[in-house]
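Me: I'd like to learn how to read strands and cores in a structure I've never seen before. Could you walk me through one?

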Amino acid sequence: LQTIHFSMNNPSSTMQSDAYDSLYHVPVPDKNSIENFPSYTLGADFTVPELAITQLEKDGVVCLRNVLDLDTVNALRDEADSAVANPSEHARFVSGKEGGKIFYYEFNLWRRHPVVRSVTFDSHIVDIAAKLMRSETVTLYYTNTFVKDPGTDTKVTPWHEDGSYSRFVGKNVINMNISFDYMPSETTLKFKQGSHKRDDPLSIGPTFIPGVEYSDAMPNQVSMPSQSELDERFGTLYWEVNPGDALVFYQRTIHAGPGNTLPTRRHSTAFNFAGAGVTYDARQGFIDSPDVDPDLKHGDPPAGRVFPKLK
C-alpha cells in the first residue's frame, strides 16, 4: 500500500511546512469543552425533531441517534474493510509513525459497492438531509469512507473545514458522518461550536500528514487559524457514538479527529449533501474530491451528470 496525497491538477503539488503543526494536536477536551451535549433520536418514519434542526443551525453540528439499523451498519463495515483490501485509484493511505497501520479514506464507494449505493440513493437519509437543510432539493456531492486501524494514535485528522476542499459553494452543504462502531467521546470528531457562522474567507485546508502542506489552493482562501486561535474563539462540542449514529455538520464547521486509541478498527462514512441555493465552483485550484463536472459553469447549480440530484 502506498501513501497518496495529491491535488487534482498536480499529484506532486505539496511542500514541506510547519505552518499548520498546531492543527494536528487534537487534545482531550478541557474545561472550555461541552461534553454530553444533547443528542436526538429520530421519530416515527425517521422524522427529524425541530430541536435537532435548530441546534444544527445554531451550533453547526448535531448528533442524531440510530440513523441506520445494525444490519445495514454491519454490511457497510464489511464493505469498508473490503475497500481497504481492494482500493481504487482514488484511495488514500496516510503515512505516519505507526508504519503499516492503516489510516485510509476513499471517495464514492457507492460506485462499486452495493450497500453504500443503496443507502446513498434509496434510503431515508436523503429525506433526513432535506429536513436538516430545510430544503426541498438534495444533491449528492460525494461520499467519503474512513478507516483507522487500532493503535494509530498519531494519525489524526487536523482541524479544518470541509469547505476548504469543496467545489460546492454556499452555507447549505452538510456532512452526515455515520459511525459503524462504538466510539467513546475521547476518540470521536471534535467540533468548534458556531464556527460555521464566521465571516472569515475559506481557509486553506491542511493535509493529513504533519509537515506536508498543499502548495496550491482555491482562489481567495486564507491560512487556517492556529489551534490556540480557534480555542479562544470557539468552544468544543463532542459526543460518544454508537453504530448507526450520525454527526451532522455544515461544511464550514471547523472540526478535527484524533487518532484511534481503541483496540479495534474505526469505520465511518461521510455522506455529503447540498440543499437549495448551492452553486458550483468551476475555478482552477486544489480540491480533494476527484470529481469535476466539465459541463458546469462557475456559479451553476451543481446537480447534473456528475453530482446526482437525489430529491
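**Strands and cores, step by step**

Reply: Sure. Keep in mind that this is a predicted model. A good place to start is pairing between strands: β10 (residues 173–179) and β14 run antiparallel, with five bridges between them.

Me: Which residue of β14 does Ile-174 stand opposite?

Reply: That's Tyr-250. Now look at β4 (residues 61–65), which is joined to β14 by four bridges, again antiparallel. In that pair, Val-61 sits opposite Phe-249.

Me: How do I read whether a strand is covered? Are the residues of β14 buried or exposed?

Reply: The idea is to check how much of each residue's area stays accessible, with under 20% counting as buried. In β14 (residues 246–250), five of five residues are buried. Then sort them by direction: Ala-246, Val-248 and Tyr-250 point one way, while Leu-247 and Phe-249 point the other.

Me: Let's try β16. How many of its residues are buried?

Reply: Nine of nine, running from 266 to 274. Both faces are covered, too. One side has Arg-266, Ser-268, Ala-270, Asn-272 and Ala-274, and the other has His-267, Thr-269, Phe-271 and Phe-273.

Me: Which strands pair with β16?

Reply: One is β7 (residues 139–148), antiparallel to β16 over nine bridges. Tyr-142 has Asn-272 as its bridge partner there. Another is β10, also antiparallel, with seven bridges to β16. In that pairing, look for Ser-179 opposite Ser-268.

Me: Next, cores. Which residues touch the most other members of the largest nonpolar core?

Reply: For a core, you look for buried nonpolar residues joined through their side chains. The largest one here has 43 residues, and Leu-64, Leu-132, Met-176 and Phe-273 touch the most other members. Helix α4 (residues 125–133) gives this core its largest share, seven residues.

Me: What does Phe-273 touch?

Reply: Leave out residues up to four places away in sequence, and the list includes Ile-125, Ala-129 and Met-133. Val-138, Thr-139 and Leu-140 are on it as well, as are Asn-172, Val-173, Ile-174 and Met-176. Leu-310 is another contact of Phe-273.

Me: How many residues are in the second core?

Reply: There are 21, and this core is separate from the largest one. Among them are Met-218, Ala-270, Val-278 and Phe-307. So you can trace β16 into both cores: Phe-273 belongs to the largest, and Ala-270 to the second.

Note on methods. Residues are numbered from 1 along each chain as its sequence is written. This is a predicted model: local features need pLDDT of at least 70, side-chain atom pairs count only at pLDDT 80 or more; totals for chains, interfaces and linings use all residues. Side-chain values use heavy atoms; hydrogens and water are left out. Buried means under 20% relative accessible area, exposed over 50%, partly exposed in between (1.4 Å probe, protein chains only). Helices (H or I, at least four residues) and strands (E, at least two) are DSSP runs, numbered from the N terminus. Two strands pair if DSSP finds at least two bridges between them. A nonpolar core is a set of buried Ala, Val, Leu, Ile, Met, Phe, Trp, Tyr and Cys residues joined through side-chain atoms within 4.5 Å. Contact means heavy atoms within 4.5 Å.
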